[in-house]
Amino acid sequence: MNRDEILQRSRAEKEDEGNTFLENRGRRFGVVGFCAMYILLIVFNFATGQSSYALHALFWGYTALDAWGKYRPSRRKVFLTTAVMAGFASLCFLTCHVLEVLR
């Protein structure tokens, strides 16, 4: 395969590596920001004596869906295990939150 064929195939895919890089980098910064905010809110809720069930449900739900998204193309069991366990944790925390609100 020569250089021209490679360029033609790359253009035919209509996928820009620069945009993919920027999307991935932005996603990484978003995850770091999300985790930092989660930790700050957990510490604040602990310091003020408030419940954090809703925050835990959100965090573990995100973790479950992130792992599921990685499992689908890779079929690695570690991602499936993480998705199932995090999903279960998320549902447990959601149940605790709902029961606490309904009290």
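**Helices, loops and side-chain pairing in the predicted model**

Ser 52 is buried, having a relative accessible area of 11%. In this predicted model, Ser 52 belongs to the loop that joins α2 (17-48) to α3 (53-74). When neighbours within four places in sequence are set aside, the contacts of Ser 52 are with Ile 42 and Asn 45.

The helix that precedes this loop, α2, comprises 32 residues. From its first C-alpha to its last, α2 reaches 46 Å, close to the 46 Å expected at 1.5 Å a residue. Just after α2 comes Gly 49, with a positive phi of about 75°.

Helix α3 is made up of 22 residues. Its first and last C-alpha atoms are separated by 31 Å, close to the expected 32 Å at 1.5 Å a residue. The buried residues of α3 are Leu 55, His 56, Ala 57, Phe 59, Gly 61, Thr 63, Ala 64, Ala 67 and Tyr 71. Both α2 and α4 are included in what covers these buried residues.

Arg 75 follows α3 and has a positive phi, near 60°. This residue is situated in the loop between α3 and α4. A positive phi is notable here because most residues other than glycine have a negative phi. Arg 75 counts as exposed, at 51% relative accessibility.

With respect to charged side chains, one salt bridge is found in a search of the whole structure. The pair consists of Asp 66 and Lys 70, whose closest N and O atoms are 3.3 Å apart. This separation qualifies because a salt bridge requires a side-chain nitrogen of Lys or Arg within 4 Å of a carboxyl oxygen of Asp or Glu. Asp 66 and Lys 70 are both located in helix α3, four residues apart, which corresponds to about one turn of the helix. In general, an α-helix has 3.6 residues a turn, so residues three or four places apart point the same way. Both partners are partly exposed: Asp 66 at 33% relative accessibility, and Lys 70 with a relative accessible area of 40%.

Helix α4 spans residues 77-102 and contains Leu 91. Leu 91 is exposed, with a relative accessible area of 55%. Together with Leu 94, Val 98, Val 101 and Leu 102, Leu 91 forms a nonpolar patch on the surface. The accessible area of these residues together is about 490 Å².

Cysteine pairing was also examined. The closest cysteine sulfur to that of Cys 92 is in Cys 96, at 6.8 Å, and is therefore too far for a bond. Cys 92, in turn, holds the closest cysteine sulfur to that of Cys 96, at 6.8 Å. A disulfide would need the two sulfur atoms to lie within 2.5 Å, and the count of disulfides accordingly comes to zero. Cys 92 is partly exposed, with a relative accessible area of 32%. Cys 96 is likewise partly exposed, its relative accessible area being 31%.

Note on methods: Residues numbered from 1 in each chain as written. Predicted model: local features only at pLDDT ≥ 70, side-chain atom pairs only at ≥ 80, totals over all residues. Heavy atoms only, no water. Buried < 20%, exposed > 50% of the residue type's maximum accessible area, 1.4 Å probe, protein only. Helix = DSSP H or I, 4+ residues; strand = E, 2+ residues; numbered from the N terminus. Contact = heavy atoms within 4.5 Å. Patch = residues over 30% accessible without salt bridge, like charges linked within 9 Å, V, L, I, M, F, W, Y side chains within 5 Å. Areas by Shrake-Rupley, 256 points an atom, 1.4 Å probe, with all protein chains shown as cover. Expected span 1.5 Å × (residues − 1).
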